Amino acid sequence: MYRSPSHLPEDARVEIANQLNSRLSDGLDLHSQIKVAHWNIKGPQFAALHPLFETFAVSLAAFNDSIAERAVTLGARAYGTARHVAKASSLPEYPQETSRDLEHVRLLAERFDQYLDSARQSRSVADKLGDTDTVDLLTGIVTEFEKNAWFLRASLES
Ligand SMILES: [Fe+2]
């Protein structure tokens, strides 16, 4: 571990940074999956969903950057190559042959739910270890992606 401006003990910083790296792998994987949906979507809802998916990707890219930088601030390294992410992500692979608009919505909604569950679990770890700042970061992510998950679920309602 590097020196850190954080006042947390090193064992806590290691544990939180491990959580952050896991969430970074999930976030980078999810970002690539959202882009695949953005590129390949076809159907009557294309005009609404193609740009909506891009807004998800843009906000997730910013969160991924914040998560990585929080891990390094805590004295760890941030791991994020495509090869690393392919091994470390907890999300299922995206079926890239999918084209139908609402099928992409369903697939992304499932993955947003999984991403949110893991983010909440990591937030609990940070909370238990007294890292209010990582809790805040993860709360911002949970709030934004709960909203995004609602956008997707609303698109699936008849
Ligand atoms: Fe685009």
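## Packing of helices 2 and 4

In this predicted model, helix 2 (residues 46–73) and helix 4 (residues 101–128) have axes that come within 11 Å and cross at roughly 20 degrees. Helix 2 is therefore roughly parallel to helix 4, since angles under 35 degrees count as roughly parallel. The crossing of the two helices is left-handed.

On the side of helix 2, the contact involves Phe46, Leu49, Phe53, Phe56, Leu60, Asn64 and Ile67; these meet Asp101, His104, Val105, Leu108, Phe112 and Tyr115 of helix 4. By character, the residues of this contact comprise 10 nonpolar, two polar and one charged.

The largest nonpolar core contains 39 residues, among which Ile34, Phe53, Leu108, Phe112 and Leu152 touch the most other members. Two or more residues are contributed by each of helix 1, helix 2, helix 4 and helix 5 (132–156). Helix 2 supplies the largest share, 10 residues. In soluble globular proteins, nonpolar side chains tend to be buried together.

Two residues have their contacts set out below, leaving aside neighbours up to four places away in sequence.

| Residue | Residues in contact |
|---|---|
| Arginine 23 | Ile67, Ser90, Tyr115, Ser118, Ala119 and Ser122 |
| Leucine 152 | Phe53, Phe56, Val105, Leu108, Ala109 and Phe112 |

Arginine 23 is found in helix 1 (residues 10–40). With a relative accessible area of 8%, arginine 23 is buried, because buried means under 20%. Its contacts include Ile67 and Tyr115, both of which also take part in the meeting of helix 2 with helix 4.

Notes:
Residues numbered from 1 in each chain as written. Predicted model: local features only at pLDDT ≥ 70, side-chain atom pairs only at ≥ 80, totals over all residues. Heavy atoms only, no water. Axes fitted to C-alpha atoms, helices over the stretch in contact; angles between N-to-C directions. Helix = DSSP H or I, 4+ residues; strand = E, 2+ residues; numbered from the N terminus. Parallel < 35°, antiparallel > 145°, perpendicular 65-115°, else oblique. Left-handed = near helix turned anticlockwise from the far one by under 90°. Contact = heavy atoms within 4.5 Å. Nonpolar A, V, L, I, M, F, W, Y, C, P; charged D, E, K, R; others polar. Buried < 20%, exposed > 50% of the residue type's maximum accessible area, 1.4 Å probe, protein only. Core = buried A, V, L, I, M, F, W, Y, C linked by side-chain atoms within 4.5 Å.
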